[in-house]
Amino acid sequence: MRTLQHFINGEFTSSTQGQSFDKRSPVDNRVIASVAEAGEAEVDAAVTAARRALQGDWARLGTDKRVAMLHAVADEITRRFDDFVEAEEADTGQPHHVIAHAFVPRGAANFKIFADVVKNVPAESFQMETPDGRGALNYAIRKPKGVIAVVCPWNAPFLLMTWKVGPALACGNTVVVKPSEETPLSATLLGEVMNTVGVPPGVYNVVHGFGPGAAGEFLTRHDGVDAITFTGETRTGTAIMKAAADGIRDVSFELGGKNAGIVFADADFDAAVDGIFRSAFMNTGQVCLGTERVYVERPLFDRFVQALKLRCEAVKYGRPSDPGANYGPLISQEHRRKVLSYYERAVAEGATLVTGGGVPPMPAELADGAWVQPTLWTGLPETASVVREEIFGPCCHVRPFDSEDEVVVLANANRYGLSTTLWTRDLARAHRMAAAIEVGITWVNSWFLRDLRTPFGGSKQSGIGREGGVHSLEFYTDLRNVCIKL
Ligand code: NAD
């Protein structure tokens with residue numbers, strides 16, 4: 001069993017009062033780590049270290065050396081690839097191929113991409129006329145925003161954390177990361193990488209612990225924090241926004257979703273089944289961009305539901321180390337209770353259960369894990385809670401539709417607006433729909449595919465702000481104007 005400490009000012013430290021909590025494996029519920037739990041003293045020490053580094057060695061380094069250092073961080077992550085894969089597998093229980101091919105490589109890429117963005121960003125300038133004919137030159141400079149609090153979820157821990165830490169550091173800020181209490185490993189491991197590469201102490205700090213009334217709240221309320229980037233539930237975003245109001249601190253929020261998948265009768269059938277299956281069930285449905293509402297044009301409906309059912313019933317449960325397994329558990333027993341409560345509610349609300357709906361039979365050594373079956377329903381009204389609320393599990397409701405206008409209304413009738421996946425061969429329709437659907441990203445004949453230079457974020461209650469490429473600079477830098485009379 002591991003013992004995990006905070007990473008503050010370049011050193012691994014326990015809590016002063018010795019508080020800790022247990023991290024359990026999602027696969028079999030065994031305790032796999034004892035994790036230090038931060039109180040106000042540890043959070044304060046981390047923020048103080050981050051402030052000191054901000055004005056010290058990190059600021060003196062200059063852009064070129066900082067960028068080179070972030071490339072070195074990415075290279076060191078790649079060199080320790082197996083350690084990061086092992087950490088993410090232990091924390092999340094997800095299949096090896098998802099972690100090794102998607103989540104960890106993106107973690108390394110997040111450092112390189114933003115280092116390159118910062119190096120190549122052009123400066124805005126204007127020459128203006130003045131009454132004396134001499135004119136003036138205005139130009140904008142970007143400065144780091146300061147100490148950034150990075151509050152993270154558990155569903156793709158390393159990818160989502162580095163997606164924030166990469167641009168924050170590239171822009172010259174320092175960070176205090178609060179990983180999810182469910183996934184403390186990879187953020188801790190990244191501390192070792194920072195020390196190996198020689199990133200100055202205090203630039204990257206990690207405090208472990210819980211949210212309300214604990215490390216998360218202490219961090220987001222701390223007056224030494226200049227801005228907060230948060231990924232997680234919309235409800236938590238509301239609490240953090242209130243904390244940020246004290247001191248008028250900026251926020252960037254990536255929040256929940258209840259995303260629609262839309263399949264027209266002219267779609268490539270096999271590609272659409274495959275795409276919708278992946279979008280609903282990858283990572284055991286624990287993807288903010290995942291599909292929990294599927295709308296299929298009526299002529300295709302029965303065939304589509306049957307094809308999706310077969311795919312659900314063919315999943316192979318197992319540990320990440322099992323080469324035959326392609327389907328992992330939910331993150332925790334607590335999350336399983338939530339998902340199973342929606343499984344019960346769906347039936348109570350009148351759903352037709354197509355497949356799943358419960359806990360799969362598992363061998364004795366995995367019986368205590370957070371396993372649930374991939375689940376499909378049909379027949380619910382759009383007012384059902386299972387169709388309206390984010391479940392964040394491996395399940396979706398499938399409903400037929402008859403026209404483009406109808407399905408746009410259905411897709412938009414939700415408080416969230418994160419993403420949509422749309423399947424059709426009619427490109428004119430795809431363009432029309434993409435403009436009409438109220439989401440941050442529309443995928444056409446694809447899902448989970450994105451050039452990291454493009455803007456990413458949620459509309460409506462799915463987020464505030466856009467990150468990605470130069471868009472990240474809007475949040476992580478303070479843009480100032482200089483006006484020189486010539
Ligand atoms: P969560 O909101 O429960 O927790 C996220 C983090 O916030 C954790 O580190 C938690 O300890 C902390 N926290 C909780 N309450 C807090 C408080 N009052 N003050 C400060 N910190 C607090 O979310 P989760 O269950 O970890 O993640 C799942 C959610 O994240 C889903 O809703 C999912 O859609 C969303 N998500 C969104 C995106 C996106 O890009 N939009 C990406 C991934 C996950």
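**Notebook: two domains, their interface and the ligand**

I began with charged pairs, and across the interface of domain 1 and domain 2 I found one salt bridge by the rule. I note at the outset that I am reading a predicted model.

I then looked up a salt bridge in detail, the one in which the side chains of aspartate 28 and arginine 319 meet, with N and O 3.5 Å apart. Turning to polar contacts, I counted ten residue pairs between domain 1 and domain 2, both residues of each pair being at pLDDT 80 or more.

Next I asked which helices supply the side of domain 1 that touches domain 2, and I noted that α4 (81–92) and α5 (96–120) each supply at least two residues. Of the elements there, α5 gives the most, with six residues. When I sorted the residues of this side by character, they divided into eight nonpolar, 13 polar and seven charged.

I went back to check where the domains run along the chain, and the domain assignment gives domain 1 as 2–255 + 462–485, with domain 2 as 259–452. The contact takes 28 residues from domain 1, and 34 residues from domain 2. I also looked up the separation of the two, and their C-alpha centres lie 31 Å apart.

For the area, I wrote down that domain 1 and domain 2 bury about 2,500 Å² between them, of which 58% is on carbon and sulfur atoms. On the side of domain 1, the residues that lose the most area to domain 2 are Val27, Trp154 and Ser462, which together account for 24% of what that side buries.

I moved on to the ligand, which has 32 residues around it, and those that come nearest are Cys152, Lys178, Thr236, Leu255 and Glu390. For lysine 178, I noted a polar side-chain atom 2.7 Å from an oxygen atom of the ligand. Two backbone approaches went into the notebook as well: a backbone N or O atom of glutamate 233 lies 2.9 Å from a ligand oxygen atom, and a polar backbone atom of glycine 232 is 3.5 Å from an oxygen atom of the ligand.

Last, I returned to salt bridges, whose count by this rule comes to 32. One that I followed up joins arginine 2 to glutamate 86, with the closest N and O atoms 2.6 Å apart. Arginine 2 lies in strand β1 (residues 2–4) and glutamate 86 in helix α4, so this pair ties together parts that are 84 residues apart in sequence.

Note on methods: Residues are numbered from 1 along each chain as its sequence is written. This is a predicted model: local features need pLDDT of at least 70, side-chain atom pairs count only at pLDDT 80 or more; totals for chains, interfaces and linings use all residues. Side-chain values use heavy atoms; hydrogens and water are left out. Domain bounds come from an automatic or database domain assignment. Contact means heavy atoms within 4.5 Å. Buried area is the accessible area (1.4 Å probe) that two parts lose on being put together, summed over both. A salt bridge is a side-chain nitrogen of Lys or Arg within 4 Å of a carboxyl oxygen of Asp or Glu. A polar contact is a pair of N or O atoms within 3.5 Å; within protein, one must be able to donate a hydrogen and the other to accept it, and residues adjacent in sequence count only if both atoms are side-chain atoms. Helices (H or I, at least four residues) and strands (E, at least two) are DSSP runs, numbered from the N terminus. Ala, Val, Leu, Ile, Met, Phe, Trp, Tyr, Cys and Pro count as nonpolar, Asp, Glu, Lys and Arg as charged, and the others, Gly among them, as polar. A residue is near a molecule or strand if one of its heavy atoms lies within 4 Å of it.
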